[in-house]
Amino acid sequence: MTSPQNAIMHSATVPCRVNLIGEWIDFNGGTVLPMALAPSVTVDIQANQTTSDRISSAQFEGAQHVAIDAPATHHWADYVRGALQYARKQAWISTGQDVHVESAIPVGAGLSSSAAIIVATLKAVRPPSASVTDTDLAFAAKDIENTFIGVPCGIMDQMAVALGKPGTALALDTRDCSYELLDMPASWTIVVAHSGLQRALSDGRYRMRRDECLEAARQIGTEFLCDANPDKLGGLDQALASRARHVISEGKRSQEAVVALRAEDRARFGHLMIESHNSLRDDMDVSVPGIDQLVADAVDLGANGARITGAGFGGCIVALVDPAILEEWWRDLKARHPKIARIA
Ligand code: GLA
């Protein structure tokens with residue numbers, strides 16, 4: 001089959017995302033509410049007519065020059081290479097590719113920088129004539145992350161970056177991937193602040209928490225842990241019962257949050273964010289003391305709500321703030337936490 005791609009340059013730009021609420025439920029049958037953010041990644045791709053991919057970036061160290069069918073090497077370029085290998089299997093491209101990545105997305109911040117690189121690569125090589133939707137690309141990206149990279153993530157991040165528009169929330173039912181894009185009310189400011197504490201999904205803790213959720217569902221005898229009855233957790237050991245408590249309560253919170261967003265009820269939405277953080281800290285056990293303090297101070301200084309976002313273990317918080325107090329609130333928060341950086 002001849003390649004649909006010739007030697008012209010193909011580019012795609014994809015945003016990162018913050019999850020407003022609905023954490024650790026995208027593989028447990030929950031509804032999640034991520035929002036795309038302005039920082040983005042751009043991938044430029046050109047066929048090089050060799051049997052190697054050459055991948056470089058101004059932001060990430062170490063260009064890679066590697067055989068097109070080589071396995072993952074725990075290098076940032078794996079995200080590009082996994083996507084290129086998928087595209088070659090689909091016959092969207094055939095030979096090796098020269099790829100350049102420009103990214104303004106902080107790594108290890110819980111903002112889906114890896115999903116954004118995979119999806120941007122797939123979007124750049126998607127043949128214009130084929131009826132491959134953004135949802136199709138999100139599923140492909142998840143599969144690449146699960147199999148080539150080896151992180152057993154859910155579908156939230158890939159859908160959020162493939163379909164999201166900065167400033168718009170994506171209410172995504174992760175059972176069937178039906179979704180709705182919801183405008184953020186003008187009287188809400190969503191602040192995303194990096195704590196300065198890095199984390200990596202591939203260090204095993206994500207898999208461990210995920211396995212605990214799946215085991216809890218198995219022992220309860222339910223397909224989706226979100227559906228379990230919170231009064232029937234007595235047979236589980238303490239850790240599994242805690243994970244189940246988080247997932248069941250977070251599933252309800254995120255549905256309530258969608259209602260609060262539609263009603264532009266900032267106080268209610270903020271309250272749900274605080275409850276979500278407490279549950280992630282106490283039951284899911286994915287927060288860290290530095291972030292607990294940052295969340296507590298964000299609320300103490302007047303935010304309607306704040307929580308750790310993404311998988312946790314470090315990274316960013318997301319806060320909901322009244323625009324009228326925003327400037328003063330941020331100044332005071334920064335005075336208490338000089339290392340934080342505002343991403344959005
Ligand atoms: C990571 C994963 C997602 C999701 C979140 C936790 O971002 O990639 O699939 O599970 O953690 O909500």
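## Briefing: strands, core and salt bridges in a two-domain model

His65 in β5 is the bridge partner of Arg54. That pair is a handy place to start a tour of this structure, which is a predicted model. The chain is divided into domain 1, residues 10-183, and domain 2, residues 189-342. The points below go from the hairpin to the sheet, the core and the salt bridges, and end with a few residues worth a look on screen.

**The β4-β5 hairpin**

- Strand β5 covers residues 64-67, and four bridges join it to β4 in an antiparallel arrangement.
- Six residues separate β4 and β5 in this hairpin, and Gly62 in the turn has a positive phi of about 80 degrees.
- Strand β4 also holds Asp53, which will come back among the salt bridges.

**The four-stranded sheet**

- Strands β10, β11, β9 and β12 form an open sheet in the order β10-β11-β9-β12, with antiparallel pairing.
- At the edges are β10 (305-308) and β12 (341-342), each of which pairs on one side only.
- Helix α7, residues 266-284, packs on this sheet and touches β10 and β11 (316-321); the direction of α7 makes about 30 degrees with that of β10.
- Helix α8, residues 289-300, also lies across β10 and β11, but runs at about 170 degrees to β10.
- Two bridges hold the antiparallel pairing of β12 with β9, which spans residues 189-194.
- Within this part of the sheet, Ala341 in β12 stands opposite His194.

**The nonpolar core and the two domains**

- Which residues touch the most other members of the largest nonpolar core? They are Leu20, Phe269 and Trp329, in a core of 114 residues.
- Domain 1 and domain 2 each give at least three residues to this core.
- Leu20 is in contact with residues from many places in the sequence: beyond its neighbours within four places, the partners include Leu33, Pro34, Met35, Ala169 and Met184.
- Phe269 is another partner of Leu20, as are Ile190, Met273, Arg307 and Val318.
- Between the domains, 35 residues of domain 1 are in contact with 45 residues of domain 2.
- The C-alpha centres of the two domains lie 24 Å apart.

**Salt bridges**

- How many salt bridges does a search of the whole structure find? The total is 21.
- Arg17 and Asp157 meet through their side chains in a salt bridge, at 2.8 Å from N to O.
- This pair links distant parts of the chain, 140 residues apart: Arg17 is in strand β1 (residues 10-19) and Asp157 in helix α4 (residues 156-163).
- Arg17 and Asp157 are both buried.
- Asp53 forms a salt bridge with Arg88, and their closest N and O atoms are 2.7 Å apart.
- Here the link runs between strand β4 (residues 52-57), home of Asp53, and helix α1 (residues 78-89), home of Arg88, with the two positions 35 residues apart in sequence.
- Arg88 counts as buried because its relative accessible area is 15%, under the 20% cut-off.
- Asp53 is buried too, with a relative accessible area of 0%.
- The side chains of Glu256 and Arg268 form a salt bridge at 2.2 Å, N to O.
- Glu256 lies in helix α6 (residues 238-262) and Arg268 in helix α7, so this salt bridge ties together parts that are 12 residues apart in sequence.
- Glu256 is partly exposed, at 35% relative accessible area, and Arg268 is partly exposed as well, at 30%.
- A network of salt bridges links Arg209, Glu212, Arg243 and Asp285.

**Residues worth a look**

- Asp285, a member of that network, has a positive phi of about 60 degrees although it is not a glycine.
- Asp285 lies in the loop between α7 and α8, and is partly exposed at 40% relative accessibility.
- Trp24 has a positive phi as well, near 65 degrees, and is likewise a residue other than glycine.
- Trp24 sits in the loop between β1 and β2 (31-32). Is this tryptophan, Trp24, buried or exposed? Trp24 counts as buried, at 4% relative accessibility.
- Met208 is part of helix α5, residues 205-220, and is partly exposed with a relative accessible area of 46%.
- From C-alpha to C-alpha, Met208 and Pro152 are 10.0 Å apart in space, and 56 residues apart in sequence.

How values were computed
Residues are numbered from 1 along each chain as its sequence is written. This is a predicted model: local features need pLDDT of at least 70, side-chain atom pairs count only at pLDDT 80 or more; totals for chains, interfaces and linings use all residues. Side-chain values use heavy atoms; hydrogens and water are left out. Two strands pair if DSSP finds at least two bridges between them. Contact means heavy atoms within 4.5 Å. Axes are lines fitted to C-alpha atoms, for helices over the stretch in contact, and angles run from 0 to 180 degrees between N-to-C directions. A nonpolar core is a set of buried Ala, Val, Leu, Ile, Met, Phe, Trp, Tyr and Cys residues joined through side-chain atoms within 4.5 Å. Buried means under 20% relative accessible area, exposed over 50%, partly exposed in between (1.4 Å probe, protein chains only). Domain bounds come from an automatic or database domain assignment. A salt bridge is a side-chain nitrogen of Lys or Arg within 4 Å of a carboxyl oxygen of Asp or Glu.
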